[in-house]
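This report looks at a ligand site and at two sets of annotated positions. Please keep the sequence and the coordinates at hand while reading.

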Amino acid sequence: MAKLTYFGLFALQHRGQEAAGIAVSDGRQIVVFKDLGLVSQVFDEQTLSSLRGHMAVGHTRYSTTGSPTWENAQPTFRTTAAGTGIALGHNGNLVNTAELVGRRLPDGARDGRARMSATTDSDVVTGLLAESATDLGVEEAALRLLPDLSGAFSLAFCDETTLYAARDRHGVRPLVLGRLDRGWVVASETAALDIVGASFVREVEPGELLAIDEEGLRSSRFAAPEPKGCIFEYVYLARPDTSIAGRGVHSARVEIGRRLAAEHPAEADLVIPVPESGTPAAVGYAEASGIPYGMGLVKNAYVGRTFIQPSQTIRQLGIRLKLNPLREVIRGKRLVVVDDSIVRGNTQRSLVRMLREAGAVEVHVRIASPPVRWPCFYGIDFASRAELVANGLDNEGIRRSVGADSLGYISQEGLVAATEQPRSRLCTACFSGEYPIALPEEAMVGKHMLEDVTGTPCGDSGSVVHEATGSRAGVPVPVSAVPSTRSSPAYGAEDALSRP
Ligand code: SF4
């Protein structure tokens, strides 16, 4: 089961690249193995062989609350007063974390913050679950706690005998259920189901809690659904081979490109993508405009996969660490360059300059999302509002800022239409400023809200820890959950997202 979970995490690596972990249960005890780094760096054959069990929860982390420290890697793990364990993986971000931390223990003895070892919203949830699970059992504890969580959460968690999956009532982040020959899988994206050989069954519904054990699968509701799926998943976050709410992400991106061509035509010789996330929209743009499509930029497939910090001299190469122009393709051409989004604008500014240096005579930038003007509080660590290039600048101002000959963004209407979802079922807050989940003031405090200054002391980041807990008998049933967390990009809008 650990190996299956490993490959599920491998399929979801794009969603979080700071840390990875797997918790396995053999029916008697839970063992957690986690560390900073990519899935392939954290786990090797020997480690996976030592993780024995019939049930697992895996996680890849991209931080939105709490520093990228070992303590904050997931699955988080807590023991109940009865000595049993709970391991939990979380994708999303809560907006009422401070209120949850402030809750007293049942005996009112200690402040919530005092019992924290990690500084994440996810660990707060695990702690609260563990506190009430002793009296109520995990399932009932979850049914009582989940309605009180505000924000975005797709969760997979387990005790020694049962796997649980839950999705917030808005279903901001995706979560899907799949079937294996001899078990069940829950994962953030359908692509992960494909990769572990599971067939797609259905999405976990917003406001639904699933429990899977030797008796099979049961479903409960903890809140009435009010879907507000993240529209940025279609633009950038999800893999192109994933489907969300029945809509293929690749098809949605190609359609965005077609609509972009209709909304912002250009006189040009060649359409090139900013690989990889700009590629499907560039294909759509070329198809709809009749302008030939070509590859004008080569991506270094392994950038972002090294932990070696570039020296200042190398850093000055900037975008060239990621993208290199194909001069023989670009020289003398009027280019349409299609990218998924602009956040700070640094990438596009460097890109335009680089393309001109490579001989492009005109550079027309087309963007497969509307201007990002607002921060996200539901699981993406966008730049602060002040850092967003579209904040306070009109289209012409942004064009001048990035140095393009022309600039066109897809409209919000065009983007929504490409997803084939009703607008009422989508979150578009980073484009529209209309936040579907109320934001208490604490939500504005930011990523380090549970840390005294900028972060708790980091543990030995090279260490590997197994945590184990006591027993509860259980009959083995193969089940696995592979949620990845917190969207993290590998490319394209790399400047969009703050990185550790
Ligand atoms: S604010 Fe933007 S990125 Fe965040 S959930 Fe809403 S649509 Fe997605």
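Which residue has a side chain joined to that of Ser277 by a polar contact of 2.6 Å? In this model, which is predicted, the partner is Asp340, whose side chain makes the contact with the side chain of Ser277.

## The site at Ser277, Asp339 and Asp340

The UniProt record, an unreviewed entry, places a "binding site" feature at Ser277, Asp339 and Asp340. These positions span 64 residues in sequence, yet no two of their C-alpha atoms are more than 7.2 Å apart, so they gather at one spot.

The two residues that share the polar contact come from separate loops: Ser277 is found between strand 16 (270–273) and helix 10 (279–289), while Asp340 has its place between strand 19 (334–339) and helix 13 (346–357). Ser277 is buried because its relative accessible area, 11%, is under the 20% cut-off. Asp340 also counts as buried, with a relative accessibility of 0%.

## The cysteine set

For a "binding site" feature, the unreviewed UniProt entry lists Cys230, Cys376, Cys427 and Cys430. Although these cysteines span 201 residues in sequence, no two of their C-alpha atoms are more than 10.1 Å apart, so they too gather at one spot. From this set, Cys230, Cys376, Cys427 and Cys430 belong to the lining of the largest cavity.

Cys427 can be placed further, since it is found in strand 22, which covers residues 426–427, and it counts as buried at 8% relative accessibility because that value is under 20%.

## The ligand and its surroundings

Where does the ligand sit? The ligand occupies the largest cavity, whose lining takes in the cysteines Cys230, Cys376, Cys427 and Cys430. These cysteines also appear among the residues that surround the ligand, together with Val172, Arg173, Ile231, Phe232, Tyr378, Ile380, Phe382 and Ala429.

The shell around the ligand divides into 11 nonpolar residues, no polar residues and 1 charged residue; the charged one is Arg173.

## A contact at Thr242

Another side-chain contact involves Thr242, which lies in the loop between helix 8 (232–237) and strand 14 (243–244). The side chain of Thr242 makes a polar contact of 2.6 Å with the side chain of Glu189, and Thr242 is buried, with a relative accessible area of 2%.

Definitions and conventions:
Residues are numbered from 1 along each chain as its sequence is written. This is a predicted model: local features need pLDDT of at least 70, side-chain atom pairs count only at pLDDT 80 or more; totals for chains, interfaces and linings use all residues. Side-chain values use heavy atoms; hydrogens and water are left out. A residue is near a molecule or strand if one of its heavy atoms lies within 4 Å of it. On a 1 Å grid over the protein atoms alone, a cavity is a set of points where a 1.4 Å probe fits but cannot get out, and a pocket is an open set with protein on both sides within 12 Å along at least five of seven lines; lining residues have an atom within 4 Å of a point. A molecule sits in a cavity or pocket if more than half of its atoms lie within 2 Å of its grid points. UniProt positions are given in the numbering used here, feature names are shortened, and annotations may be inferred rather than shown by experiment. Helices (H or I, at least four residues) and strands (E, at least two) are DSSP runs, numbered from the N terminus. Buried means under 20% relative accessible area, exposed over 50%, partly exposed in between (1.4 Å probe, protein chains only). A polar contact is a pair of N or O atoms within 3.5 Å; within protein, one must be able to donate a hydrogen and the other to accept it, and residues adjacent in sequence count only if both atoms are side-chain atoms.
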